[in-house]
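Please open the structure in your viewer and keep the selection tool at hand. At each stop you will be told what to select next and what can be found there.

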Amino acid sequence: MIMRTFQRIADEDPMETLCRMVVETSYDDLPKDVREFGKKQILDIIGVSMGGSGMDGIADVVAFVRDQGGKPESHIPFYGGKVPAAMAAFALAPMARAMDMGDTHYEAGHGAEYTVPTLLAATGLKDKTSGRELLTAFIVAQELMIRTGLGCSFKSIEQPGGSAGGHYIFGAVAAAAKLLGFSHAELMNALGIAKLMTQPHDASMYNEGASMIRFHHGFVAQDAINICRMSRLGVTGPVKEFLAGEQRGYYALFARKGRIDLDAVTHELGARWEMMRTSFKAHAACKCTHTGIDLLLEQMREHEFSVGDVESMHLDVGSLNWTVVAIPKAEKWKPETVPQCQFSLPYVISTVVHDGGIFLDAYTPQARSRADVRGFMERISADLDESLPPLGTRLTTKLRDGRTIAGVCTIEKGHPDNPLTVEEVAAKFRRCAPFAAYRLDDAAISKVLENVLVLEKVSDVAADVVSPLVPRDVSGRPKSLLAEAAS
């Protein structure tokens, strides 16, 4: 295979270069390992969407979407019915984040939770979408989104104004645009519209246990499809000074001055696929708890102790872990809502030491009020250790028999250097299935799993991947395991 690469031409804005990559890259241009990685990501996001579909607030959003009516274009997986494509994206994208078990890139953050729902919904805008088309659109869109984040070191450098990634909408727009066959000029225009809709305070979605941490995805995915459709109708957006402009560029608003690296945006573009540095989640909790979870599970296996043997636990954590899951302490040690528990280091660690892991059943109303878990949280303490990597953790466990066990973890399970295998992602997919808003039968689960793993051979994604996830009898759909536990 002759590798197709893309370099900045003269002083063009890096977004122009990224757009050429999106528009000009075909399925045959993609290396085999990149294609395989993309299929694994898509399977992962469909799986966590399945599990997330039964979580709190999702049914209300679906009801809202159905009430709006409109042209029946795209299915609503796990609930049924056809709605306008943008509204289907609005319903589906929050499902992808609700479990908080989707993948993340070490520098660009979450991304596939926006692009996959957008693409699945956008299939309703075409007579037929092949698996090759969907896979190609996903990969190039992820690369565009991730490299936009690389240019400002989005995740490792605290951004001004509480930004948590206005760049996510660029990936969702690029995905829909590629699927719909946009030209370079059309894609730049659509992204220009999207730039006006980026959100400088979107980090606030993590605050106060608000449910916007999942519904933010719905607004982005809906906007992405509407932007592409309006662009096709002639609505225009600003396309000059896109990323690099000192006055009007995206980075001028969203990034720390002096920390912008435009070369990183296009470095070895087409030759090195940054999207393959995405990590998968092995545990149903914020990524910032995962090095702590892995350390605790390792200690329990090696030293053969259980919760009753523990006197106390202390966690020294890196800067990102500290900010996201350890402070403010008044909230993290007394979480109430599902998002608060997902982003609470002591709640997650206490659940793991009691149950040997953490999954969706840790967030039911009954689980969140467990006296044993709540009581043990008082034995857990945490401090910031800036000598650790942002996601690193040191765990010191004191046992009642006098032993003290200590260890450090900087590369969690699912990290690109410690990856989940395809088989592990498939097992995760099946584990999510019983928690779906609609109890899918084994045949439907197997069909979707098998079709995604050979996506390049699928001739109609809507028929072979989306349709099996749609209830045939909406009025009589059985409850998910999560809904049963909550009732």
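Begin by selecting strand β8, residues 393–399, which is mostly covered, since five of its seven residues are buried; buried means under 20% relative accessible area, while over 50% is exposed and anything in between is partly exposed, with a 1.4 Å probe and protein chains only. Strands such as this one are DSSP runs of E with at least two residues, helices are runs of H or I with at least four residues, and both are numbered from the N terminus. Before you go further, note that this is a predicted model, in which local features need pLDDT of at least 70 and side-chain atom pairs count only at pLDDT 80 or more, whereas totals for chains, interfaces and linings use all residues. Residues are numbered from 1 along each chain as its sequence is written, and side-chain values use heavy atoms, with hydrogens and water left out.

Now add the neighbours of β8. Strand β6, residues 310–317, pairs with β8 in the antiparallel sense over seven bridges, where pairing requires that DSSP finds at least two bridges between two strands. Two of the bridge partners to look for are Thr396 of β8, which belongs to His314, and Thr393 of β8, which belongs to Val317. Next select strand β9, residues 404–409, which pairs with β8 in the antiparallel sense over six bridges; here Leu395 has Gly407 of β9 as its bridge partner, and Lys398 has Thr404 of β9. The hairpin of β8 and β9 has four residues between the strands, and in that hairpin Gly402 takes a positive phi near 100°.

Which strand should be selected to see β6 paired in the parallel sense? Choose strand β7, residues 380–384, which pairs with β6 in this sense over five bridges, with Ile380 of β7 as the bridge partner of Met313. With these strands displayed together, you have an open sheet of four strands in the order β7-β6-β8-β9, whose pairing is mixed. β7 and β9 stand at its edges, and because each has a single partner strand, one side of each is left without a neighbour in the sheet. Neighbouring strands of this sheet are turned by 15° against each other on average, direction ignored. Keep the sheet in view and add helix α13, residues 319–326, which packs on the sheet and touches β6, β7 and β8, its direction making about 135° with that of β7. For such values, axes are lines fitted to C-alpha atoms, for helices over the stretch in contact, and angles run from 0 to 180 degrees between N-to-C directions.

The next stop is another sheet. Select β4, β3 and β5, which form an open sheet of three strands in the order β4-β3-β5 with antiparallel pairing. Its edge strands are β4 (109–110) and β5 (278–279), each of which pairs on one side only. Strand β3, residues 104–105, is joined to β5 by two bridges, and His105 stands opposite Thr278 in β5.

Move on to helix α5, residues 112–122, where 11 of the 11 residues are buried, so the helix is largely enclosed by the rest of the structure. Among its buried residues are Glu113, Tyr114 and Pro117.

Keep α5 selected and add helix α9. Their axes are 9 Å apart and the helices pack at an angle of about 50°, which makes α5 oblique to α9. To find where they touch, select Glu113, Tyr114, Thr118, Ala121 and Ala122 in α5, which meet His216, His217, Val220, Ala221, Ala224 and Ile225 in α9; contact means heavy atoms within 4.5 Å.

Helix α7, residues 168–179, also packs on α9, residues 212–232, at an angle of about 45° and with the axes 8 Å apart. The α7 side of this contact includes Tyr168, Ile169 and Ala172, and the α9 side includes His216, Val220 and Cys228.

For the last stop, select Ser231, which has its place in helix α9. Is Ser231 buried or exposed? Ser231 counts as buried because its relative accessibility is 10%. Leaving aside its neighbours within four places in sequence, Ser231 is in contact with Phe182, Glu186, Asn189, Ala190 and Ile193.

Methods:
Angles under 35 degrees count as roughly parallel, over 145 as roughly antiparallel, 65 to 115 as roughly perpendicular and the rest as oblique.
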